Amino acid sequence: MKRYVCQPCGYIYDPAEGDSEADIAPGTAFENLPEDWVCPVCGAEKDMFEPED
């Protein structure tokens, strides 16, 4: 699964780790995150993330 980078702050969403603060289980693909999920560091919305090269 691809990792995604928050463009404003550089946070990397890693599907292998999920997001424990938002109760996102490890193994959750970025595409399957809830629409209202935001960056846990800066609060940016999903459309501010780009796939990691």
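Start with the salt bridges: a search of this whole predicted model finds 3 of them. Side chains of opposite charge can pair when their charged atoms come close.

**Stop 1: arginine 3 and its partners**

Select arginine 3 and aspartate 14. Their side chains meet in a salt bridge, at 3.6 Å from N to O. This pair links distant parts of the chain: arginine 3 belongs to the segment before strand S1 (4-6), while aspartate 14 is in the loop between S2 and S3, 11 residues apart. Switch on a surface and compare the two partners. Aspartate 14 has a relative accessible area of 15%, so it is buried. Arginine 3, at 31%, is partly exposed.

Keep arginine 3 selected and add glutamate 52. Here is another salt bridge, whose closest N and O atoms are 2.7 Å apart. Arginine 3 lies in the segment before S1 and glutamate 52 in the segment after S3, so this contact ties together parts that are 49 residues apart in sequence. Glutamate 52 has a relative accessible area of 26%, which means that it is partly exposed.

**Stop 2: glutamate 35 and lysine 46**

Next, select glutamate 35 and lysine 46. They form a salt bridge as well, with 3.8 Å between the closest N and O atoms. Both residues lie in the loop between S2 and S3, so the pair ties together parts of the chain 11 residues apart in sequence. What is the accessibility of each partner, buried or exposed? Glutamate 35 counts as exposed, at 69% relative accessibility, whereas lysine 46 is buried, at 13%.

Before moving on, show Arg3, Asp14 and Glu52 together: salt bridges that share partners join these residues into one network.

**Stop 3: from a charge to a ring**

Stay with lysine 46 and add phenylalanine 30. The charged end of lysine 46 sits over the ring of phenylalanine 30, 5.3 Å from the ring centre. Phenylalanine 30 has 7% relative accessibility and therefore counts as buried. This ring leads us to the aromatic residues.

**Stop 4: the aromatic rings**

How many aromatic pairs does a search of the whole structure find? There are 7 aromatic pairs. Select tyrosine 13 and tryptophan 37 to see one of them: the ring centres are 5.5 Å apart and the planes are at 65 degrees, so the pair is edge-to-face. Tyrosine 13 lies in strand S2 (residues 12-13) and tryptophan 37 in the loop between S2 and strand S3 (49-51), so their contact ties together parts that are 24 residues apart in sequence. Both tyrosine 13 and tryptophan 37 are buried.

Now swap tyrosine 13 for phenylalanine 30, keeping tryptophan 37 in view. The rings of phenylalanine 30 and tryptophan 37 have centres 6.2 Å apart and planes at 85 degrees, so this pair is edge-to-face too. Tryptophan 37 counts as buried because its relative accessibility is 5%, under the 20% cut-off.

To see the wider group, select Tyr4, Tyr11, Tyr13, Phe30, Trp37 and Phe49, which form one aromatic cluster.

**Stop 5: a backbone detail**

Finish at aspartate 23, in the loop between S2 and S3. What is the phi of this residue? Phi of aspartate 23 is near 60 degrees, a positive value in a residue other than glycine. Most residues other than glycine have a negative phi. With a relative accessible area of 70%, aspartate 23 is exposed.

Key: Residues numbered from 1 in each chain as written. Predicted model: local features only at pLDDT ≥ 70, side-chain atom pairs only at ≥ 80, totals over all residues. Heavy atoms only, no water. Phe/Tyr/Trp six-rings, centres within 6.5 Å; stacked < 30°, edge-to-face > 60°. Helix = DSSP H or I, 4+ residues; strand = E, 2+ residues; numbered from the N terminus. Buried < 20%, exposed > 50% of the residue type's maximum accessible area, 1.4 Å probe, protein only. Lys NZ or Arg CZ within 6 Å of the ring centre and 35° of its normal. Salt bridge = Lys/Arg side-chain N within 4 Å of Asp/Glu carboxyl O.
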